[in-house]
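Got the model open in your viewer? Here is a short tour, one selection at a time.

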Amino acid sequence: MTTVYLNGNFIPLEQAQVPILDRGFIFADGVYEVIPVFSGNPFRLKEHMERLRNSLDGISLQLDYDREKWQSLIDQLLALNRVTGDSSIYIQVTRGVAERNHFYQAGSTPTVFIYCKPLQETDVSRGVGAVLHEDIRWEYCHIKAVALLPNVMLKQYAREKDGSIEAILYRDGYITEGAASNVFTVTGDTVSTPPKSNRLLPGITRDLVVELISASLYQCREVPVSKAELLQADEIWITSSTLGIAPVIRLDGHPVSGGKPGPAWRAIDTIYQDFKRNQ
């Protein structure tokens with residue numbers, strides 16, 4: 001039986017409930033975070049907690065949980081669920097329960113929910129498919145908000161179009177990110193990824209990959225990547241906490257990198273896998 005944390009209590013998942021007037025349900029007024037757990041150890045926990053804090057600040061949601069408290073709650077949850085292998089921690093914080101009104105009241109009690117489940121990693125070793133689509137989301141994508149309907153629609157579009165797992169998004173002719181991932185391109189010995197801005201989520205895996213590339217034979221640039229540059233790239237990758245580094249071998253039905261993972265991906269993914277094992 002899965003145990004979850006909800007508003008100060010550890011309880012069975014089946015008993016976890018929130019009131020119908022919770023603003024997370026009524027307005028999607030909340031943020032979330034997903035933390036991978038490898039061999040029982042939360043991965044890059046400090047960085048994930050910093051991003052959660054930035055998301056809370058981004059919507060002016062006050063919560064008196066410091067990093068030590070989050071660490072304690074996560075440790076307790078992993079222990080209660082006897083997690084020793086690969087898993088993921090999901091955290092959601094909403095502004096709490098209030099009479100339905102667009103204006104939110106200061107001092108309301110936030111709803112805090114945490115649960116863990118086995119990590120269902122996608123096998124990306126043979127590459128994955130993606131499609132291109134205009135970015136239809138709001139302008140504050142650096143906030144990890146629970147309002148994910150556009151992302152859901154974009155992911156579903158990719159699946160229904162040709163069985164792809166991701167939609168790579170563009171706005172004003174430039175790549176922003178994937179519907180649930182960050183994007184990298186490879187041209188020669190240079191790896192490029194769009195710079196951080198309000199148009200994309202500051203991915204924890206993205207930042208790690210940038211670090212790892214800098215210590216390799218490749219060079220990494222955080223620069224605007226045009227749609228034309230993406231289409232002409234030797235390799236395309238997407239990254240996320242659950243995917244790791246996934247090589248895109250098909251884009252809108254057309255082969256990328258000869259329809260197989262490229263040499264740059266193999267080199268950087270080897271470094272990434274070593275880093276995970278030795279964290």
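Start with the walls of the largest pocket: strand S3 (30-38), strand S5 (87-94), strand S6 (111-118), helix H4 (149-162), strand S9 (174-178), H5 and S13 each supply at least two residues of its lining. Helices (H or I, at least four residues) and strands (E, at least two) are DSSP runs, numbered from the N terminus. A pocket here is an open set of points on a 1 Å grid over the protein atoms alone, where a 1.4 Å probe fits, with protein on both sides within 12 Å along at least five of seven lines; lining residues have an atom within 4 Å of a point.

Before going further, note that this is a predicted model, in which local features need pLDDT of at least 70, side-chain atom pairs count only at pLDDT 80 or more, and totals for chains, interfaces and linings use all residues. Residues are numbered from 1 along each chain as its sequence is written, and side-chain values use heavy atoms, with hydrogens and water left out.

**Inside the pocket.** Select Tyr32, Val34, Lys144, Ala180 and Thr242, which lie nearest the centre among the 42 lining residues. The pocket's volume is about 1200 Å³, taken as the space filled by probe spheres set on grid points joined across faces, edges and corners. Colour the lining by class and you get 22 nonpolar, 13 polar and seven charged residues; Ala, Val, Leu, Ile, Met, Phe, Trp, Tyr, Cys and Pro count as nonpolar, Asp, Glu, Lys and Arg as charged, and the others, Gly among them, as polar.

**Zoom in on Tyr32.** Tyr32 sits in strand S3 and is buried, at 12% relative accessible area. Buried means under 20%, exposed over 50%, partly exposed in between (1.4 Å probe, protein chains only). Which residues does Tyr32 touch, not counting those up to four places away in sequence? Leu52, Tyr90, Ile91, Gln92, Lys144, Ala145, Val146 and Leu148, where contact means heavy atoms within 4.5 Å.

**Next, the largest nonpolar core.** A nonpolar core is a set of buried Ala, Val, Leu, Ile, Met, Phe, Trp, Tyr and Cys residues joined through side-chain atoms within 4.5 Å. This one has 35 residues, and Ile168, Ile213, Leu230, Ile236, Trp237, Ile238 and Leu251 touch the most other members. Strand S7 (128-134), strand S10 (182-187), helix H5 (204-214), strand S13 (235-240), strand S14 (244-251) and helix H7 (263-277) each contribute at least two residues, with H5 giving the most, five. For a second, separate core, try Ile35, Ile74, Leu78 and Cys116, which are among its 26 residues.

**Three loop stops.** Ser226 is in the loop between strand S12 (219-222) and helix H6 (227-232). Ser226 counts as buried, at 14% relative accessibility, and beyond its neighbours within four places in sequence it is in contact with Gly173, Tyr174 and Ile175.

Now check some backbone torsions: most residues other than glycine have a negative phi. Ala28, in the loop between helix H1 (23-27) and S3, has a phi near 55° and is partly exposed at 28%. Arg82, in the loop between helix H3 (67-80) and S5, also has a phi near 55°, and at 75% Arg82 counts as exposed.

**Zoom out.** The whole protein comes to seven helices and 15 strands. Of its 279 residues, 47% count as buried, and the C-alpha atoms fill a box of roughly 55 × 40 × 30 Å along the principal axes.
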